[in-house]
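Me: I am new to this protein. Please show it to me, and then I will ask how its descriptions are justified.

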Amino acid sequence: MIQIVAVAALPLGARCFAFLPVRGYAFARLLGILLTGYLFWIGYSIGLWRNEIGGAWLAWLLVALLCVAAVWASTQKLLPSWRYRMLVEAIFGLSFLAWAWVRAHDPAADHTEQPMDLMFLNSIRASLTYPPQDAWLAGHPISYYYFGYWLMNLVGLMGGQTTSVTYNLAQAAWFGLLLSALFGVGYNLAATSVRASWATAGGLLAMLFVGLAANLQGLLEWLYANGFDVTGLAGLFQVRGFPENAAVTHKWYVDFGWWWWRSSFSSRWIAFRSPPFPFSSWPGTSWKWGGFRAAWWNSRAPSWAAFRAGCRRPA
């Protein structure tokens, strides 16, 4: 379904990012979801349509027609090389499948912000008219920034999925959207001065350092969970609650306790020796939280960077 939404915005993406070496192909999914979701939300807000599958598809159709009209008289090439297209599709597809596999092993919404996230998604889906109602405070609208939830509600509606299925698939979707967009940003920045092979390396490095890189606590947790003795390193870095609150599970994924929460606190040896411990979120924390709010902010940054670069005519 995300691919169908992307097709609607592909012509406009190529036009908006015309000055990038390979244009806006890597950002078409984000642009399509954003434009369709915003138009769906505006129409829903002023009463043009209801928050139903028919309204979602109508918003998509209008976006497709507007995008085609915007580039109708343009002679610019819409698509980059097939090699680049296949690379972007592979990154998105593999990233989506990888996080869908992770969510398949941990599908419950049972910690931190997850119950709230699922409540917001259900509230938005159940509210046929504007504004969406808060399921935890009857008679009141949602008093929170819910646009990320709204966007995934749109995709779930178009695909005919329930909110529980949408909740887990949306997290995999945000993961794939972020990494493929980051690859596009890194590739385009590098391609302005180096050959294609090095530009690919630039895109992969952008994926690594912005979307995946973090501190080493996740690695320590995984090693300990699989029976490796890391008490020496744990004592050196003095991570709060590790390894005394960890467990040896011998699983390929770390599922014991809130290990990702421990890894988000600064090490105590940096002069932070008493509560409150300073909190510093990293990508793995956001993905493990499964919060649409955090995922939306993570995905918005590369999109804005690409937009600024694509709309600037080279000197």
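Reply: Start with the surface. In this predicted model, the accessible surface of the protein comes to about 15,600 Å². Carbon and sulfur atoms hold 68% of that area.

Me: How many of the residues count as buried, as a percentage?

Reply: The protein has 315 residues, and 46% of them count as buried.

Me: Why is Gln 171 called buried?

Reply: Buried means under 20% relative accessible area. Gln 171 has 3% relative accessibility, so Gln 171 counts as buried. Its place is in helix 7, residues 163-191.

Me: What makes the pair of Gln 171 and Tyr 167 a polar contact?

Reply: The cut-off for such a pair of N or O atoms is within 3.5 Å. A polar atom of the Gln 171 side chain lies 3.4 Å from the backbone oxygen of Tyr 167.

Me: Which secondary structure does the protein have?

Reply: It has 13 helices and 0 strands.

Me: Why are helix 5 and helix 6 called oblique to each other?

Reply: Set the angle against the classes. Helix 5 (residues 114-126) and helix 6 (residues 147-159) pack at about 60°. Roughly parallel needs under 35 degrees, and roughly perpendicular runs from 65 to 115. The angle of about 60° fits neither class, so the two helices are oblique to each other. Their axes are 10 Å apart, and the crossing is right-handed.

Me: Which residues make that contact?

Reply: On helix 5 they include Met 116, Phe 120 and Ile 124. On helix 6, Tyr 149, Trp 150 and Leu 157 are among them.

How values were computed:
Residues numbered from 1 in each chain as written. Predicted model: local features only at pLDDT ≥ 70, side-chain atom pairs only at ≥ 80, totals over all residues. Heavy atoms only, no water. Helix = DSSP H or I, 4+ residues; strand = E, 2+ residues; numbered from the N terminus. Buried < 20%, exposed > 50% of the residue type's maximum accessible area, 1.4 Å probe, protein only. Areas by Shrake-Rupley, 256 points an atom, 1.4 Å probe, with all protein chains shown as cover. Polar contact = N/O pair within 3.5 Å; in protein donor to acceptor, adjacent residues only side chain to side chain. Axes fitted to C-alpha atoms, helices over the stretch in contact; angles between N-to-C directions. Parallel < 35°, antiparallel > 145°, perpendicular 65-115°, else oblique. Left-handed = near helix turned anticlockwise from the far one by under 90°. Contact = heavy atoms within 4.5 Å.
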